[in-house]
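Here are some short exercises to help you find your way around a protein fold. Have a look at the sequence and the structure first, then try each task before reading its solution.

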Amino acid sequence: MQVAERAVVAKLITATTDWEQLEGEWDLLISRAASPSPFVSSAWLKAWWKQFAGPRRSLYLIAVYQEGRLIAVAPWCIRKIAVGGLFPTRCIESLGYPEAH
């Protein structure tokens, strides 16, 4: 028996305008979850982003699609930090961190 492959495509979102286009699908995805949480909803994370993003954080969402349907979202951002106060670097963190954790 042959199993048909289903293409999975990941899309990087770094602009809030692209995020806005994803909101409806994201909300539908969350509503289908076994234990939906408001803290992973697009609306809550967007409110967090508007409040805490600042100049040191860059949006880094990954939307995963299978056969054109949204199946996962990784809501991350890149934050600029100075290790030991001396060495500039970037770290990836989940949106809402540390305020929501």
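The exercises below go from the whole chain to single side chains, and the model they use is a predicted one.

**Exercise 1. The parts list**

Task: Find how many helices and strands the protein chain has, and the pattern they follow along the sequence.

Solution:
- Step 1. Count the elements: the protein chain has two helices and four strands.
- Step 2. Read them along the sequence, and the pattern is β-α-α-β-β-β.
- Step 3. Add the overall dimensions: the C-alpha trace spans about 60 × 30 × 25 Å along its principal axes.
- Step 4. Look at burial: the protein chain has 101 residues, and 27% of them count as buried.

**Exercise 2. Building the sheet**

Task: Work out in which order the four strands lie in the sheet, and which strands stand at the edges.

Solution:
- Step 1. The four strands form an open sheet in the order 1-2-3-4, with antiparallel pairing.
- Step 2. Strand 1 (8-13) and strand 4 each have a single partner strand, so one side of each has no neighbour in the sheet, and these two are the edges.
- Step 3. Ignoring direction, neighbouring strands of this sheet are turned by 25 degrees against each other on average.
- Step 4. Now count bridges: strand 2 (residues 57-66) and strand 3 are joined by ten, while strand 3 and strand 4 pair over eight.

**Exercise 3. Two hairpins**

Task: For each hairpin, find how many residues lie between the strands and which residue takes a positive phi.

Solution:
- Step 1. Start with the hairpin of strand 2 and strand 3: two residues lie between the strands, and glutamate 67 has a positive phi near 50 degrees.
- Step 2. Check the pairs beside this turn: glutamine 66 is opposite arginine 69, and tyrosine 65 has leucine 70 as its bridge partner.
- Step 3. Go on to the hairpin of strand 3 and strand 4: here three residues lie between the strands, and the positive phi, near 65 degrees, belongs to glycine 84.
- Step 4. A bridge of this second hairpin pairs alanine 82 with proline 88 in strand 4.
- Step 5. Leucine 86 is in the loop between strand 3 (69-83) and strand 4 (87-94). Leucine 86 counts as exposed because its relative accessibility is 64%, and exposed means over 50%.
- Step 6. Together with Val83 and Phe87, Leu86 makes a nonpolar surface patch of about 340 Å².

**Exercise 4. Helices on the sheet**

Task: Say which strands each helix meets.

Solution:
- Step 1. Helix 1 (residues 16-31) lies across strand 1, strand 2 and strand 3, and runs at about 130 degrees to strand 3.
- Step 2. Helix 2 (residues 42-52) packs on the sheet and touches strand 2 and strand 3, its direction making about 160 degrees with that of strand 2.

**Exercise 5. One residue and its surroundings**

Task: Find which residues valine 64 touches, leaving out those up to four places away in sequence.

Solution:
- Step 1. Locate valine 64: this residue lies in strand 2.
- Step 2. The residues touched by valine 64 are Val8, Val9, Ala10, Arg69, Leu70, Ile71 and Ala72.
- Step 3. Take one of them, valine 8: although 56 residues along the chain separate it from valine 64, their C-alpha atoms are 6.9 Å apart.

**Exercise 6. Charged partners**

Task: Find which residues salt bridges join into one network, and whether glutamate 93 is buried or exposed.

Solution:
- Step 1. Recall the idea: side chains of opposite charge can pair when their charged atoms come close.
- Step 2. Glutamate 93 and arginine 79 form a salt bridge, with the closest N and O atoms 3.0 Å apart. Glutamate 93 is in strand 4 and arginine 79 in strand 3, so the pair ties together parts 14 residues apart in sequence.
- Step 3. Glutamate 93 counts as buried because its relative accessibility is 6%, and buried means under 20%. Arginine 79, at 26%, counts as partly exposed.
- Step 4. Lysine 46 has a salt bridge with glutamate 20 (3.2 Å, N to O). This pair links helix 1, where glutamate 20 lies, to helix 2, where lysine 46 lies.
- Step 5. Glutamate 23 also forms a salt bridge with lysine 46, at 3.1 Å between the closest N and O atoms.
- Step 6. Through shared partners, Glu20, Glu23 and Lys46 are joined into one network.

Conventions. Residues are numbered from 1 along each chain as its sequence is written. This is a predicted model: local features need pLDDT of at least 70, side-chain atom pairs count only at pLDDT 80 or more; totals for chains, interfaces and linings use all residues. Side-chain values use heavy atoms; hydrogens and water are left out. Patches are made of residues with over 30% relative accessible area and no salt bridge: like charges are joined within 9 Å, nonpolar side chains (Val, Leu, Ile, Met, Phe, Trp, Tyr) within 5 Å. Accessible areas come from the Shrake-Rupley method with a 1.4 Å probe; for residues, only the protein chains shown count as cover. A salt bridge is a side-chain nitrogen of Lys or Arg within 4 Å of a carboxyl oxygen of Asp or Glu. Buried means under 20% relative accessible area, exposed over 50%, partly exposed in between (1.4 Å probe, protein chains only). Two strands pair if DSSP finds at least two bridges between them. Axes are lines fitted to C-alpha atoms, for helices over the stretch in contact, and angles run from 0 to 180 degrees between N-to-C directions. Contact means heavy atoms within 4.5 Å.
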